[in-house]
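Hi everyone, thanks for making time this morning. I'd like to walk you through one structure, so please have a look at the screen while I talk.

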Amino acid sequence: MDIQALRSAHPEHWMRAAAIRTLTLDAVAAANSGHSGMPMGMADVATVLFEKHLNFDPKAPHWPDRDRFILSAGHGSMLIYSLLHLTGYEQATLQQLKDFRQWGARTAGHPEYGHLEGVETTTGPLGQGIANSVGFALAEEILRARFGKTVINHHTYVMAGDGCLMEGVSQEAIGLAGMQKLGHLIVFFDNNNITIDGTVDMADITDQSARFEASGWHVLEIDGHDPVAIDEAIVAAKAETGRPTMINCKTHIALGHAAQDTSKGHGALTDPEQLEAAKKAYGADWGPFEIPADIKSQWEAFGARGAAARADWEARFAKLSKAKQDDFNRAFALDAPKKLSATIKAFKKQASEAAKKTATRSSSEAVLEVINPIMSETVGGSADLTGSNNTKTADLGVHTPDNRAGRYIHYGIREHGMAAAMNGMVLHGGIRPYGGTFMCFTDYARGAMRLSALMEVPTVYVMTHDSIGLGEDGPTHQPVEHLAMLRATPNTNVFRPADTVEVAEAWELALTDKKTPSVLCLSRQGLPVVRTDHKTKNMTAQGAYVLADADAGKRQAILMASGSEVSVAMEARAILEAEGIGTRVVSMPCWELFEAQDEKIRKRVLPGGPVRVAVEAGVRLGWDKWLLGERGRETKAGFVGMDSFGASAPAPTLFEKFGITAEATAQKVRDLLG
């Protein structure tokens, strides 16, 4: 690569891009850790994008109609950190760059949402950023249809590398984006032919341009170091409004360094002599973390440019009706409408009085039928299981390129892509997404679900067919370990409601939370209403509560259960009470919320003394916290549930054969009582 030719062809551009490259080298060297090559290779693309195209204002990082910039190749985090510092983001100080990857710094090893303004999503797990971007673009289309293009009209730009495109989630994302014709989505492919192990062709020979074209994308191919070609490609991408665009940028990893075009260039380039040689090649005769004032002022001017665009937007926004402005601001603040609480209370009362045996997946649909009309920010969907997940209500309308106002998305058989896109919608703002699949396939959505929790975004996952109760589809589809896996994830509320009333309460909690994702674990089989006595209070908010207490004298047993097994516990209680054994039933729809309660509340629900039996059609892992802890004792604790995978048979047969029955539960209590 002729560095001198690049320098002389576009000297001002070159020095602006050199600022990114030198800051990257300095920060990685100071940390003795990081990934230098990607920022050095994509500095030219980033410079042109921020200089001439990206609509942003560092003084208003959360401006709703800004362009979104997503660094999907999150290991190249010094690229975005350098850009944010150079353009004048207040939080991206020079000291933060010096503290790259250190304790307490905003400049984490990979970009983290919520740590540093200007970082739109947490990236690092490859493929997530490009998959999130589809949600960003979908959110923009839905909101533009709702509020008009004078208020919502921007682009989402993504930088992705070979690693992102090899991860399977990327195909789920680009297939969905192509089908939805997301014309405001533009992806830059950092085509440098290098991975950690060596050249790309050691593991992959995919023609990425052909792949994107086959998925319905507009594809351009350019020299990723030619600023004129980069600019022309972005102009052409913005002009193509009927398809998303992939710009295949041929680049050199670690450009200008001794490690250029090698796998070593991917990682931390810390050799001081090689670092100085690279700076000399750039013509960057300045010290560590120094940027000449004229170059810094040029970058700051790019950042200042957005103030006028934002002011114009604010003037346009002010022309909306007061009601629309309030609705817009409420949705972006993630505030539920005031009438939600009363709506849920009325629904609960009706459900308690009707006492209709219903599968909780159907209960969920009934709840959504009263929620969706009053929460215009909800966007539903399913991974090709709409009729099974019961996630579509009549008022939503299907979102297609011809119906941007539609609020229901057919994601196709793309669980991971769906979950990642929903994260993107929440991160974009103004949308409350929920999407469904079978609970067993939380395995497929797991990567994105973990990031929901890590980023503290309230994505809602509707997971139906939550146990062996789904029946004949057999062990491949019957989740037994999944509740334990979900409950083990920090900052995730796992709801397993026992009946229609608890389903309504779980939905209210999920749609009013601002920082915690929710998983609704719902049954295929019909369940009786156990909350026949109407209470206006949201009992699920306590996490666990006394559903029925001992009538037959002294309380000798406490039965704890969630979901479909609460009714099993209630039947067991009837058996035990008839034998004179006083029995309390505790419904535990959300462990996380119960754990957050004051000890005095937990003690009232789970006092010491009585024997304890937990009933759940899943594995025991996790239950010992409530069986042995919280004043429990091992000699007085038992579990009725699964210790193996399921089997293919009708649900009633499975519960009988695996011993998850009222009689088995009652016998466990008798055995513990001696």
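Let's begin at the N-terminal end of α21, which is capped by D499. A side-chain oxygen of D499 sits 3.1 Å from the backbone nitrogen of V501. Please keep in mind that this is a predicted model.

Now, is α21 enclosed by the rest of the structure or not enclosed, and why? The helix covers residues 500-510, and eleven of its eleven residues are buried, so α21 is largely enclosed by the rest of the structure. Among those buried residues are nonpolar-looking names you would expect me to read out, but let me pick E502, E505 and E508, along with W507.

E502 leads us to P589, because E502 is one of the residues in contact with P589 once sequence neighbours within four places are left aside. The other contacts of P589 counted that way include V494, F495, R496 and Y545. P589 is found in the loop between β16 (582-587) and α23 (591-595). Its relative accessible area is 2%, so P589 is buried. For a sense of scale, P589 and T262 are 327 residues apart in sequence, and their C-alpha atoms are 53 Å apart in space.

Next, two histidines. H266 belongs to the loop between β5 (245-250) and α11 (272-282). With a relative accessible area of 14%, H266 is buried. Setting aside neighbours within four places in sequence, H266 is in contact with two other histidines, H35 and H75, and also with S36, G37, I196 and I253.

The second one, H218, is in strand β4, residues 218-223. H218 has 13% relative accessibility and therefore counts as buried. Its side chain makes a polar contact of 2.9 Å with the side chain of T245. T245 is also among the residues that H218 touches when those up to four places away in sequence are not counted, together with A236, A237, E240, R243, P244 and M246.

On to the nonpolar cores. The largest has 68 residues, and those with the most contacts inside it are F69, L79, M159, F188, I247 and W299. Helix α2, residues 11-31, gives the most to this core, with eleven residues. What is L79 in contact with, leaving aside its neighbours within four places in sequence? The answer is I20, M38, P39, M42, A43, A46, L71 and M159. Apart from this core lies another, of 63 residues, including A60, I152, M439 and L486.

Finally, the empty space. Rolling a probe the size of a water molecule over the atoms shows where it is left. The largest pocket has a volume of about 640 Å³. Of the 30 residues lining this pocket, H62, Y113, G114, L427 and V457 are the closest to its centre. Two elements, α18 (415-428) and α19 (442-455), give two or more residues to the lining, and α18 has the largest share, with three. By class, the pocket lining has 14 nonpolar, eight polar and eight charged residues.

There are also five cavities of 30 Å³ or more. The largest cavity has a volume of about 100 Å³. F69, which we met in the largest core, is one of the residues lining this cavity, as are F50, F56, R66, D67 and E120. By class, the cavity lining has eight nonpolar, one polar and three charged residues.

That's my tour, and I'm happy to take questions.

Methods. Residues numbered from 1 in each chain as written. Predicted model: local features only at pLDDT ≥ 70, side-chain atom pairs only at ≥ 80, totals over all residues. Heavy atoms only, no water. 1 Å grid on protein atoms, 1.4 Å probe; cavity = no way out; pocket = protein on both sides within 12 Å on 5 of 7 lines; lining within 4 Å. Points joined across faces, edges and corners; volume = space filled by probe spheres on them. Helix = DSSP H or I, 4+ residues; strand = E, 2+ residues; numbered from the N terminus. Nonpolar A, V, L, I, M, F, W, Y, C, P; charged D, E, K, R; others polar. Core = buried A, V, L, I, M, F, W, Y, C linked by side-chain atoms within 4.5 Å. Buried < 20%, exposed > 50% of the residue type's maximum accessible area, 1.4 Å probe, protein only. Contact = heavy atoms within 4.5 Å. Polar contact = N/O pair within 3.5 Å; in protein donor to acceptor, adjacent residues only side chain to side chain.
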